Amino acid sequence: MRAQESPNYEILHQTALKAPSSSGVYLWRNQEGTVIYVGKAKNLKNRLSSYFSVNRQIKTELLVSNAASIEYITTSNEYEAFLLENNL
């Protein structure tokens, strides 16, 4: 299934567009609520929105198509995001 065909695609895309521009950590969860990916970003909005660009790699396509939700935790700076990512 292509990511755009996923029933959650638009919800995920809107979550990405509404994310703050601050640094932080983000978690992708599947339908069962299991974390399937953890990442960090200097700018959450830019990073999360990049997952919905036209030219995606296959691994990104698979991530988006298997995801049911995106959560994020903001941090004061990129260093804090790095530490938090390593602890999640």
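Which backbone oxygen does the side chain of S23 reach, and at what distance? To find out, select S23 in this predicted model and display its side chain together with N77. The side chain of S23 reaches the backbone oxygen of N77 at 3.2 Å.

**The starting point: S23**

Keep S23 selected and colour the chain by secondary structure. S23 belongs to the loop that connects α1 (9-18) with β1 (24-29). Is S23 buried or exposed? With a relative accessible area of 7%, S23 is buried, because the limit for that class is under 20%.

Next, display the neighbours of S23. Leaving aside residues up to four places away in sequence, S23 touches A41, K42, N43 and L44. The list of its contacts also includes I73, T74, T75, S76, N77 and E78. N77 therefore appears twice in this view, as a contact of S23 and as the residue whose backbone oxygen the S23 side chain reaches.

**Along β1**

Move to β1, residues 24-29. Of the 6 residues in β1, 5 are buried, so the strand is mostly covered.

Now add β2, residues 35-41. β1 and β2 pair in the antiparallel sense, over 6 bridges. Select G24 and look across to β2, where A41 stands opposite; A41 is also one of the residues that S23 touches. Follow the hairpin of β1 and β2 to its turn, where 5 residues lie between the strands. In this hairpin, select G33, which takes a positive phi near 90 degrees.

**The other side: β3**

Which residues of β3 are the bridge partners of Y26 and L27? Select β3, residues 69-74, which pairs with β1 in the antiparallel sense over 6 bridges. The bridge partner of Y26 is Y72, and that of L27 is E71. In a regular strand, side chains alternate between the two faces of the sheet.

**The whole sheet and the helix**

Zoom out to show β1, β2 and β3 together. These 3 strands form an open sheet in the order β2-β1-β3, with antiparallel pairing. β2 and β3 are the edge strands, each pairing on one side only. From one strand to the next, the twist averages 20 degrees.

Finally, select α1. This helix lies across β1 and β3. What angle does α1 make with β3? α1 runs at about 15 degrees to β3.

Definitions and conventions: Residues numbered from 1 in each chain as written. Predicted model: local features only at pLDDT ≥ 70, side-chain atom pairs only at ≥ 80, totals over all residues. Heavy atoms only, no water. Helix = DSSP H or I, 4+ residues; strand = E, 2+ residues; numbered from the N terminus. Buried < 20%, exposed > 50% of the residue type's maximum accessible area, 1.4 Å probe, protein only. Polar contact = N/O pair within 3.5 Å; in protein donor to acceptor, adjacent residues only side chain to side chain. Contact = heavy atoms within 4.5 Å. Pairing = 2+ DSSP bridges. Axes fitted to C-alpha atoms, helices over the stretch in contact; angles between N-to-C directions.
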